[in-house]
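Work through the exercises below with the sequence and the 3D view at hand. Try each task before reading its solution.

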Amino acid sequence: MKELIEQLLIGNATLLQQADNGDWTAFIDESEAYAMGMRTLCDVDLTQLGQETKAQVSALLAQLLDQDALLTRAIQARMSTISSELSTMRKSNSSAKAYTAV
């Protein structure tokens, strides 16, 4: 269990680095593996863990949630950028159509 969360933390850090670098193609490829790992984590029955392991896993999960929030913000920022670019393209396309219609 701890190993899975540690792998997800590494994957999350990789995704954040790719987002910071604007390497969205690699981000998409890496995000598939990350999503699969998160699905696996969601399927784990945490009630079966011992007390000591629960404390360690809890700390790792808190760290993962914090990093995941950063990743979510990076994705939202990218989506906002794409939305702005699409809006600009639509305006440009409308202007070009209006110009050629005259």
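A residue is called buried under 20% relative accessible area, exposed over 50%, and partly exposed in between. The model shown is a predicted one.

**Exercise 1.** Find the helix that holds L86, and decide which accessibility class L86 counts in.

Solution. Step 1: L86 is part of helix α3, which covers residues 51–101. Step 2: the relative accessibility of L86 is 40%, so L86 counts as partly exposed. Step 3: L86 also belongs to a nonpolar surface patch, together with I82 and M89. The accessible area of the three residues together is about 270 Å².

**Exercise 2.** Describe how helix α1 and helix α2 are placed relative to each other.

Solution. Step 1: two packed helices are described by the angle between their axes and the distance between the axes. Step 2: the axes of α1 (residues 2–21) and α2 (residues 24–42) come within 9 Å. Step 3: these axes cross at roughly 155°. Angles over 145 degrees count as roughly antiparallel, so α1 is roughly antiparallel to α2. Step 4: the crossing of α1 past α2 is left-handed.

**Exercise 3.** Locate G22, classify its accessibility, and state how far G22 is from N12 in space.

Solution. Step 1: G22 sits in the loop between α1 and α2. Step 2: with a relative accessible area of 40%, G22 is partly exposed. Step 3: G22 and N12 are ten residues apart in sequence, and their C-alpha atoms are 15 Å apart.

**Exercise 4.** For Q56 and S80, set the separation in sequence beside the separation in space.

Solution. Step 1: Q56 is found in helix α3. Step 2: its relative accessible area is 31%, so Q56 is partly exposed. Step 3: Q56 and S80 are 24 residues apart in sequence, and from C-alpha to C-alpha they are 36 Å apart.

**Exercise 5.** Do the same for D68 with L9, and for D68 with A13.

Solution. Step 1: D68 is in helix α3, while A13 is in helix α1. Step 2: D68 has a relative accessible area of 22% and is therefore partly exposed. A13, at 38% relative accessibility, counts as partly exposed. Step 3: D68 and L9 are 59 residues apart in sequence, with 8.8 Å from C-alpha to C-alpha. Step 4: A13 and D68 are 55 residues apart in sequence, and the C-alpha distance is 9.3 Å.

Conventions
Residues numbered from 1 in each chain as written. Predicted model: local features only at pLDDT ≥ 70, side-chain atom pairs only at ≥ 80, totals over all residues. Heavy atoms only, no water. Patch = residues over 30% accessible without salt bridge, like charges linked within 9 Å, V, L, I, M, F, W, Y side chains within 5 Å. Areas by Shrake-Rupley, 256 points an atom, 1.4 Å probe, with all protein chains shown as cover. Salt bridge = Lys/Arg side-chain N within 4 Å of Asp/Glu carboxyl O. Helix = DSSP H or I, 4+ residues; strand = E, 2+ residues; numbered from the N terminus. Buried < 20%, exposed > 50% of the residue type's maximum accessible area, 1.4 Å probe, protein only. Axes fitted to C-alpha atoms, helices over the stretch in contact; angles between N-to-C directions. Parallel < 35°, antiparallel > 145°, perpendicular 65-115°, else oblique. Left-handed = near helix turned anticlockwise from the far one by under 90°.
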